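User: I should like to learn how to read the features of a protein model, one at a time. Could you take me through this one, giving the general idea before each case?

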Amino acid sequence: MTYEKREAIFSKEYLSIADLQELLGLGYQEAARTMRNIKRKYDRLGTRGKIHVQDYFDYYGIKTERYALLDEELLSGGLV
């Protein structure tokens, strides 16, 4: 998967089963099972077949502070 494709997936507010298939290299059934596992623990959207991007990050323990800091620096003009 290219960086651009990963960036496009994570720029959305939610992830679908197809997104999980692509991100994790899983078949449909495995991706659907993974989504159900994530939804059991985190479910910000409460919608079938979709999970919030932050639920994905929380489930896998991915820290997002780094990205928030980068956004803050960009907005303040520190990196532009």
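Analyst: Let us begin with a pair of charged side chains. Asp43 and Lys39 are joined through their side chains in a salt bridge, at 3.0 Å from N to O. Please keep in mind that this is a predicted model.

User: Is Asp43 buried, exposed or partly exposed?

Analyst: The general idea is to compare the relative accessible area with two limits: under 20% is buried, over 50% is exposed, and values in between are partly exposed. Asp43 has 37% relative accessibility, so Asp43 counts as partly exposed.

User: How many salt bridges are there in total?

Analyst: The count comes to five salt bridges. Two of them involve Arg44: one with Asp55, where the closest N and O atoms are 2.2 Å apart, and one with Asp58, where the closest N and O atoms are 3.0 Å apart. Salt bridges that share partners thus join Arg44, Asp55 and Asp58 into one network.

User: Which parts of the chain does the pair of Arg44 and Asp55 tie together?

Analyst: A useful habit is to ask where each partner sits. Arg44 forms its salt bridge with Asp55 from the loop between helix 3 and strand 2, while Asp55 belongs to helix 4, so this pair ties together parts that are 11 residues apart in sequence. Arg44 also forms a salt bridge with Asp58; because Asp58 too lies in helix 4, that pair ties together parts 14 residues apart in sequence.

User: Which members of this network are buried, and which are partly exposed?

Analyst: Asp55 is buried, with a relative accessible area of 0%. Arg44, at 45% relative accessibility, counts as partly exposed, and Asp58, at 25%, is partly exposed.

User: What else does Asp58 touch?

Analyst: Here one leaves aside neighbours within four places in sequence. On that basis, Asp58 is in contact with Tyr42 and Arg44. A C-alpha separation is another way to relate two positions: Asp58 and Ile38 are 20 residues apart along the chain, and their C-alpha atoms are separated by 9.0 Å.

User: How should I read the overall arrangement of the chain?

Analyst: One lists the elements and then their order. The protein chain has five helices and two strands, and along the sequence they follow the pattern α-β-α-α-β-α-α. Of its 80 residues, 22% count as buried. One may also ask how far apart in sequence the contacting residues are: among contacts with a separation of 6 or more, 32% are between residues 24 or more positions apart.

User: Which residues have the most contacts inside the largest nonpolar core?

Analyst: A core is read by its members and by the elements that supply them. The largest nonpolar core has 13 residues, and those with the most contacts inside it are Leu15, Ile17, Leu20, Leu23, Met35, Ile51 and Tyr56. The elements that give two or more residues to this core are helix 2 (17–24), helix 3 (28–41) and helix 4 (53–60). Helix 3 gives the most, with four residues.

User: What does Met35 touch?

Analyst: Not counting residues up to four places away in sequence, Met35 touches Leu15, Ser16, Ile17, Leu20, Gly49, Lys50 and Ile51. Another residue to inspect is Thr34, which lies in helix 3. At 13% relative accessibility, Thr34 counts as buried. Beyond its neighbours within four places in sequence, Thr34 is in contact with Leu24, Leu26 and Tyr60.

User: Which residues of helix 2 are buried, and where do they lie around its axis?

Analyst: For a helix, one looks down the axis and notes the directions of the buried residues. In helix 2, Ile17, Asp19, Leu20 and Leu23 are buried. Its buried residues fall within an arc of 155°, so they line one face of the helix. These residues pack against helix 1 (3–10), strand 1 (14–16), helix 3, strand 2 (50–52) and helix 4. Just after helix 2, Gly25 takes a positive phi of about 65°.

User: What can be said of the outer surface?

Analyst: One considers its area, then its make-up. The protein chain exposes about 5800 Å², of which carbon and sulfur atoms supply 51%. Tyr59, Tyr60 and Ile62 make a nonpolar surface patch of about 250 Å². Of these residues, Tyr60 has its place in helix 4 and counts as partly exposed, at 39% relative accessibility.

Definitions and conventions. Residues are numbered from 1 along each chain as its sequence is written. This is a predicted model: local features need pLDDT of at least 70, side-chain atom pairs count only at pLDDT 80 or more; totals for chains, interfaces and linings use all residues. Side-chain values use heavy atoms; hydrogens and water are left out. A nonpolar core is a set of buried Ala, Val, Leu, Ile, Met, Phe, Trp, Tyr and Cys residues joined through side-chain atoms within 4.5 Å. Buried means under 20% relative accessible area, exposed over 50%, partly exposed in between (1.4 Å probe, protein chains only). Contact means heavy atoms within 4.5 Å. Accessible areas come from the Shrake-Rupley method with a 1.4 Å probe; for residues, only the protein chains shown count as cover. Patches are made of residues with over 30% relative accessible area and no salt bridge: like charges are joined within 9 Å, nonpolar side chains (Val, Leu, Ile, Met, Phe, Trp, Tyr) within 5 Å. A salt bridge is a side-chain nitrogen of Lys or Arg within 4 Å of a carboxyl oxygen of Asp or Glu. The arc is that of the directions from the helix axis to the C-beta atoms.
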